[in-house]
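Got the viewer open? Let's take a walk through the model, one selection at a time.

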Number of protein chains: 2
Amino acid sequence: MIGTEMLLGEIIDTNAARIAQRLASIGIHVYFKTTVGDNWTRMAAALSQALTRADVVITSGGLGPTQDDLTREVVAAVLGVPLVEDAEALAHVEGWFRRANREMSPSNRKQALVPQGARIIPNPRGTAPGIIARRGQQAVICLPGVPHELSTMMDETVIPYLKEHFLPNGSLHSRVLKFYGIGESALAERLSELLGMENPTVATYAGRAEVRVRITARTADGVQAEDLLAPVEAEVLRRAGEFLYGYDQDTLELVAGRALKAAGWTVGLAESCTGGMIAARLTNVPGSSEYFLGSVVAYSNDAKMELLGVPADLLAVHGAVSAPVAEAMAEGAKRRLGASLGVSVTGIAGPGGGTPEKPVGLVFIGLARDGGTEVHRLQLGGDRDRIRWHTTQAALDLIRRHAQQAAAARQGQA
Amino acid sequence: MIGTEMLLGEIIDTNAARIAQRLASIGIHVYFKTTVGDNWTRMAAALSQALTRADVVITSGGLGPTQDDLTREVVAAVLGVPLVEDAEALAHVEGWFRRANREMSPSNRKQALVPQGARIIPNPRGTAPGIIARRGQQAVICLPGVPHELSTMMDETVIPYLKEHFLPNGSLHSRVLKFYGIGESALAERLSELLGMENPTVATYAGRAEVRVRITARTADGVQAEDLLAPVEAEVLRRAGEFLYGYDQDTLELVAGRALKAAGWTVGLAESCTGGMIAARLTNVPGSSEYFLGSVVAYSNDAKMELLGVPADLLAVHGAVSAPVAEAMAEGAKRRLGASLGVSVTGIAGPGGGTPEKPVGLVFIGLARDGGTEVHRLQLGGDRDRIRWHTTQAALDLIRRHAQQAAAARQGQA
């Protein structure tokens, strides 16, 4: 990983996770990750050292047109070959500017340089082609730092290339189980005997208001990973299955969306302290317009009355953060949006606004369906960010549970 | 940085950025960052190597109560001292459970172990105290992996400790300028002569639908950083100031919020393709209830008619993604929420839903104020995530510009 951003702490290096995740999917381990600034000497030292211990070194960043972008130069120098203009790479860069209907600036010509003997990695989503440079049995793979370009190039070129040239005989298979509603210590306690196993290994990870359990099996040729994973997974579920919400890439918005679809339900929201975050998460999922109708983000009391029909006296008597108001908001969202399920949240995210009776972190979640309305009361810890995020987790998990129940009932009738 | 999460690509390692940012603020550079799994041998190798090249090694993660949490053991082994139970650390752990009104599980007692001779770092927000272990002039500092715990401990203990014991005589001072509405290549072109400077250095970084310029000055004793930074900053602004929206920790929601407050304005939103993200960003800012009234996330056409009063024939004739509908949505948000400024977005975020006339990435942003309504048309590139995010950037930048104008006019009158 190359990029001054990381070093000075300004930009979060998510590319390492992106790369490692894709490599893990084909059973290749990442043992080391080094972040260096846009500095020739330190980049060269880091690359040389990486080549002493790894078969494949992947870099991200430093392929742009500016003077800071040094990856090409450093790779060529460390491999001891000259940097040459590559006709295919030049065609790629020129083609990108032509398609984008933009003029190519002189500095972009630099993006067509590659270490002699290297092949390029097409970049369908940006100007900078990537590079695969070999040294004997080793490969240095250079990718741009822009996340969506890097992801596409990993999927389309790098993973197939590595599978063909580097895939070891034994490989690693893992499955992640995701839990909401139980803390990491409590879950680890329930799974304690499993955490000492050698193959598969079982490990717990604290996420953002959720906990993950990773089961990882190492297989030799001819052994089915599933034969190792399935019994351990069953044991994990026997011990803590009531908190499981999904697997691997699942998120609560994805699982809640699937459940709403299976139930044939639509959902409408009324958000106060989460300020639109639950709607934003639900609509993160492509195709969510099938079940998501809308959200009324009612921050002011006027908006709660005008858009959701919350009675003024309810607000006056109980305050905006109260069970009766959560109930009225959920019912208002259901009615105004014409939804099967109306969901509301109202709470005190802080840092200000808390009182001894209603401290920061107090949150009410209302769920209105044809059969009636229920309200849940939570007392959450942490700062504003954490309280808001945890509230979205709690609300999405409740939507999931209600919709899954309805979907099961629907299936029972069919 | 220690944590299997990072290696297997499941969890984004944001702690490195957190730590590096705080160190940069006092002029300490981070030269290397290594991520290793929860594996004794690799952790010990990484720590030993780090001690060959750095004065201070900071680890995050591995201080929990589970069998995977090996940081304490590894640090003691590498420093060649036994692990002992620390009375202060034990009091800390026990106190945390008492205050949280939870029972301490036997495994948590492990969290009171420290390498002999080390001092602990109080953790006001969680169970695991941190550790500062010295070896001669060097220090190994161990922090937990939970971001908000780590941040607090960096601020309250680690930074003051490092200032006292390690701060070099010369130090690094930097300032980040943030731009929206110009691409990285175009900005780098405008700043090209500045990018070759040695002190201060100037570098551009592509962010998520924004570009940052970092100006970094290295000062010896007695030199004022400001004397080096100010003239270079003025030159950057002379070349590209029209795109500047803020500095350092500024975000568009923060700057837009400040401008709304200065203008004495309130804002109400009508969001379609962004599904609540603009509201979520605005309400990320503590105190936003002063100027943010609410958002109608109107995903369905019914919601656009019912909650925003968009005429049915407008939707039928022009379609939901059109300038007239954006105009009606903005005016509806202004009216229904009683806001000084009504802002709407409607667009096609994809991956589905595009047509030759209205391709994926087409977005309309409407702004309604007392003087009239304007609509902006954007054609954005990238995937669903990128289109949605870029739309929030564009809308927040327009809110900022309108509100800053109003604030300036208000000040002129006063």
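Start by selecting Pro351(A), which sits in the loop between β13 (341-347) and β14 of chain A. Keep in mind as you zoom in that this is a predicted model. Show the backbone here and look at the peptide bond between Gly350(A) and Pro351(A): it is cis, with omega at about 0°. Now jump across to chain B and pick Pro351(B), in the loop between β13 (341-347) and β14 (362-369). The bond from Gly350(B) to Pro351(B) is cis too, with omega near 0°. For context, most peptide bonds are trans.

**Another backbone oddity**

Next, select Ala209(A), in the loop between β8 (201-206) and β9 (211-219) of chain A. What is the sign of phi at Ala209(A)? Positive, at about 55°, although Ala209(A) is not a glycine. Most residues other than glycine have a negative phi. Is Ala209(A) buried or exposed? Ala209(A) counts as buried because it has 20 C-beta neighbours inside 10 Å, and the cut-off for buried is 20 or more.

Chain B has its own version to click on. Ala209(B) lies in the loop between β8 (201-206) and β9 (211-219) of chain B, and its phi is near 55°, again positive. With 20 C-beta neighbours inside 10 Å, Ala209(B) counts as buried.

**Down the hairpin**

Back to chain A: select β14(A), residues 362-369, together with β15(A). The two strands run antiparallel and are joined by eight bridges. A hairpin links β14(A) to β15(A) through two residues. To find one of the facing pairs, label Arg369(A) and Gly372(A), which stand opposite each other.

Follow β15 (372-379) out of its far end and you get to Leu380(A), in the loop that leads to α14 (384-413) of chain A. Leu380(A) counts as buried, because 21 C-beta neighbours fall inside 10 Å. Which residues does Leu380(A) contact, leaving aside its neighbours within four places in sequence? They are Gly361(A), Val363(A), Ile387(A), His390(A) and Thr391(A). If you like distance labels, draw one from Leu380(A) to Ala349(A): their C-alpha atoms are 9.2 Å apart, with the two positions 31 residues apart along the chain.

**Into the core**

Time to go inside. Select Val267(A), Ala333(A), Val267(B) and Ala333(B): within the largest nonpolar core, which has 192 residues, these four touch the most other members. A second, separate core has 44 residues, including Ala20(B), Ile58(B), Ala89(B) and Met153(B).

Now centre on Ala333(A) and light up its contacts, skipping anything within four places in sequence. You should see Gly268(A), Leu269(A), Ala270(A), Val296(A), Leu308(A), Ala339(A), Gly342(A), Val343(A) and Ser344(A).

**Where the chains meet**

One of those contacts, Val296(A), falls inside the residue range of the next stop, strand β12 (residues 292-298) of chain A. Select β12 in both chains. The strand from chain A pairs with β12 (residues 292-298) of chain B in the antiparallel sense, over five bridges. Label Ser295(A) and, opposite it in β12(B), Val297(B).

Widen the selection to the whole interface: 75 residues of chain B are in contact with 76 residues of chain A. Colour the chain B side by class and you get 35 nonpolar, 24 polar and 16 charged residues. Of the interface residues of chain B, 99% are also interface residues in chain A, so the copies meet through the same surface.

Try superposing the copies. A rotation of 180°, with 0.1 Å of shift along its axis, puts chain B on chain A with an RMSD of 0.1 Å. That is the relation of a two-fold axis.

**Zoom out**

Finish with chain A in full view. Colour chain A by its domain assignment: domain 1 (4-166), domain 2 (171-247) and domain 3 (252-413). How many Å separate the centres of domain 1 and domain 3 of chain A? Taken over C-alpha atoms, 44 Å.

Switch to cartoon and chain A shows 14 helices and 15 strands, with C-alpha atoms filling a box of roughly 80 × 55 × 45 Å along the principal axes. Of its 414 residues, 51% count as buried. As for contacts in chain A between residues at least 6 apart in sequence, 64% join residues at least 24 apart.

Key:
Residues numbered from 1 in each chain as written. Chains lettered and ligands numbered in written order. Predicted model: local features only at pLDDT ≥ 70, side-chain atom pairs only at ≥ 80, totals over all residues. Least-squares fit on C-alpha atoms with pLDDT ≥ 70 in both. Contact = placed C-beta atoms within 7 Å. Nonpolar A, V, L, I, M, F, W, Y, C, P; charged D, E, K, R; others polar. Pairing = 2+ DSSP bridges. Helix = DSSP H or I, 4+ residues; strand = E, 2+ residues; numbered from the N terminus. Domains from an automatic or database assignment. Core = buried A, V, L, I, M, F, W, Y, C linked by C-beta atoms within 7 Å. Buried ≥ 20, exposed ≤ 12 C-beta atoms within 10 Å, placed from the backbone.
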